[in-house]
Structures are given as C-alpha cells and as structure tokens.
Amino acid sequence: MKRSLPLNRAKWLVEPGCVVLVTGGTMEKANVMTISWQTPVQTADPCLVLLVMHQGRYTYELIRQNNELVINVPGADLLDQTHLVGTVSGRQIDKFKEAGLTAVPGQLVQPPLVAECAGHLECHVVQTFTVGNHDLLVCEVVHASVEEDFFDGAWIPEKFQTLHYMSATQYGLLGRRVDAGEDC
Ligand SMILES: Cc1cc2nc3c(=O)[nH]c(=O)nc-3n(C[C@H](O)[C@H](O)[C@H](O)COP(=O)(O)O)c2cc1C
C-alpha cells in the first residue's frame with residue numbers, strides 16, 4: 001500500500017542523497033535510468049529537485065518530449081536492477097523487461113512509476129541549465145507517494161535501506177538513524 005504524501009514532505013524521500021531510478025516517456029513508450037546526481041533545492045511551494053543528466057541519455061530524449069519524469073526510490077532489494085538500468089541504454093533493449101521492473105501509471109504525469117520502488121516523485125521539468133555535456137533539470141514535484149510501512153516522515157532504515165553510490169559497482173546502504181547529540 002502506498003499513500004500520498006503532502007508535497008511539503010516530498011523532499012524527505014530523497015534528502016539522504018540516495019540513488020534514484022528516473023523514468024521518462026509514456027506508458028506506451030517508457031525508459032528508466034539510474035541517477036545518483038540529484039538534490040532537493042527547495043522544500044515546498046513548490047518542492048523542487050535538481051537532476052544532473054548527460055545530454056546523450058535515451059531517457060532524456062523521452063523526457064524532452066513531454067517535460068515530465070518520475071523519480072523512483074529503489075531499496076537494497078533492487079541493487080542489481082539499479083546497476084543494470086544504469087549501465088545499459090534503453091536504445092538497445094527494453095530495460096523494464098530485462099531488469100524485471102514493472103511500469104505502472106502515475107497520478108499526474110505521463111511517464112510510468114516503477115512499481116517495485118518504495119517512493120515516487122512525479123515531476124514537471126520547469127527549467128534546464130546546460131553545463132558542459134550535462135543538463136541540470138529543475139523538477140517541480142506535483143505528486144509524491146511512498147510505501148507507508150517504510151516512512152514516518154523520513155525513511156526507516158530498519159525497514160527500508162536506500163542505496164548510495166560509492167564507486168564502480170559498489171553501493172552503500174543507509175543503516176541506522178541517529179539523533180544529533182546521541183553517541184554513535
Ligand atoms: C549508480 C549510477 C549512477 C548514475 N548517475 C547518473 C547521473 O547522475 N546522471 C547521468 O546522466 N547518468 C548517470 N548514470 C548513468 C546512466 O544511468 C546510464 O548511462 C544509463 O545507461 C542511461 O540509460 P538510457 O540511455 O537508457 O537513458 C549513473 C549510473 C549508475 C550505475
């Protein structure tokens with residue numbers, strides 16, 4: 001069961017700098033890629049998340065067709081799938097099929113959600129900036145949903161571990177929540 005999330009809480013889905021799966025296109029023609037260069041840039045009114053995307057990505061080609069995308073948050077159970085969709089291009093293969101991921105319709109945008117992910121930010125691309133061969137996509141979150149058992153205002157690491165890119169084929173897992181001031 002996923003519940004809708006107030007948009008002023010949406011950025012907490014990606015606050016810890018986790019690796020995300022970004023979908024573009026439509027339910028009929030979609031693609032998915034891995035992104036680790038992402039950051040919230042404004043909490044609310046509207047909630048804005050910045051993605052750094054190489055201009056050559058096939059996903060970006062699809063995003064440019066309707067200026068919409070979905071930021072999906074995978075957990076440790078999707079480690080291999082996350083690496084796979086980040087290392088091959090959808091120009092050659094159907095990555096949803098290859099990775100065993102399921103595309104399901106979103107609420108307010110045309111690109112699908114990745115059903116196996118625990119959180120989703122449906123976004124409109126509202127501004128882009130070019131920096132060398134990458135573009136910075138300013139994404140306005142128009143709908144957010146999250147697996148309710150895994151999130152109580154922040155991810156609960158004992159139940160859901162986000163992936164954090166380390167290098168090459170290596171990822172870190174979010175392990176534990178600690179309070180500032182606590183011994184850890
Ligand atoms: C962990 C990880 C993080 C990545 N982060 C980014 C990123 O932030 N921006 C980007 O443009 N590509 C990033 N990539 C590379 C793309 O996901 C990769 O080139 C992908 O195959 C593009 O697929 P597409 O051509 O089907 O869109 C990353 C790959 C991995 C494995």
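## The largest pocket

The largest pocket here has a volume of about 490 Å³. Its lining is made up of 25 residues, and M33, T34, I35, R57 and G86 are the closest to the centre. Please keep in mind as you explore that this is a predicted model.

Where does the lining come from? Four elements each supply at least two of its residues: the strands β3 (30-35) and β5 (48-54), and the helices α1 (58-66) and α2 (79-85). The most generous of them is β3, which gives four residues to the lining. Sorted by class, the lining of this pocket holds eleven nonpolar, twelve polar and two charged residues.

## The ligand and its surroundings

If you are looking for the ligand, turn to the largest pocket, because that is where the ligand sits, with more than half of its atoms within 2 Å of the pocket's grid points. Around the ligand there are 21 residues, and those that come nearest are N31, T59, V88, S89 and G90.

The shell around the ligand draws on elements you have already met: β3, β5 and α1 each supply at least two of its residues. Once again β3 stands out, since the largest share of the shell, four residues, comes from this strand. As for residue classes, the shell around the ligand divides into ten nonpolar, nine polar and two charged residues.

## Polar contacts with the backbone

Which backbone atoms lie close to polar atoms of the ligand? At V88, a backbone N or O atom lies 2.8 Å from an oxygen atom of the ligand. At V52, a polar backbone atom is 2.9 Å from a nitrogen atom of the ligand. At Y58, a polar backbone atom is 3.0 Å from an oxygen atom of the ligand. How much of the ligand does the protein cover? On its own, the ligand has 650 Å² of accessible area, and the protein covers 90% of it.

## A second pocket

The second largest pocket is also worth a visit, with a volume of about 160 Å³. Its lining consists of W12, E15, P16, A154, W155, P157, L174, R176 and R177. By class, this second lining has six nonpolar and three charged residues, with no polar ones.

## An unusual spot in a loop

Finally, take a look at the loop between β4 (38-42) and β5, where P46 is found. D45 is found in that loop between β4 and β5 too. A cis peptide bond joins D45 and P46, with omega at about 0°. D45 also has a positive phi, near 55°, although D45 is not a glycine.

Why point these features out? Most peptide bonds are trans, and most residues other than glycine have a negative phi. The loop between β4 and β5 therefore holds two departures from what most residues and bonds show: the cis bond between D45 and P46 and the positive phi of D45.

Technical notes:
Residues are numbered from 1 along each chain as its sequence is written. This is a predicted model: local features need pLDDT of at least 70, side-chain atom pairs count only at pLDDT 80 or more; totals for chains, interfaces and linings use all residues. Side-chain values use heavy atoms; hydrogens and water are left out. On a 1 Å grid over the protein atoms alone, a cavity is a set of points where a 1.4 Å probe fits but cannot get out, and a pocket is an open set with protein on both sides within 12 Å along at least five of seven lines; lining residues have an atom within 4 Å of a point. Grid points are joined across faces, edges and corners, and a volume is the space filled by probe spheres set on the points. Ala, Val, Leu, Ile, Met, Phe, Trp, Tyr, Cys and Pro count as nonpolar, Asp, Glu, Lys and Arg as charged, and the others, Gly among them, as polar. A residue is near a molecule or strand if one of its heavy atoms lies within 4 Å of it. A polar contact is a pair of N or O atoms within 3.5 Å; within protein, one must be able to donate a hydrogen and the other to accept it, and residues adjacent in sequence count only if both atoms are side-chain atoms. Accessible areas come from the Shrake-Rupley method with a 1.4 Å probe; for residues, only the protein chains shown count as cover.
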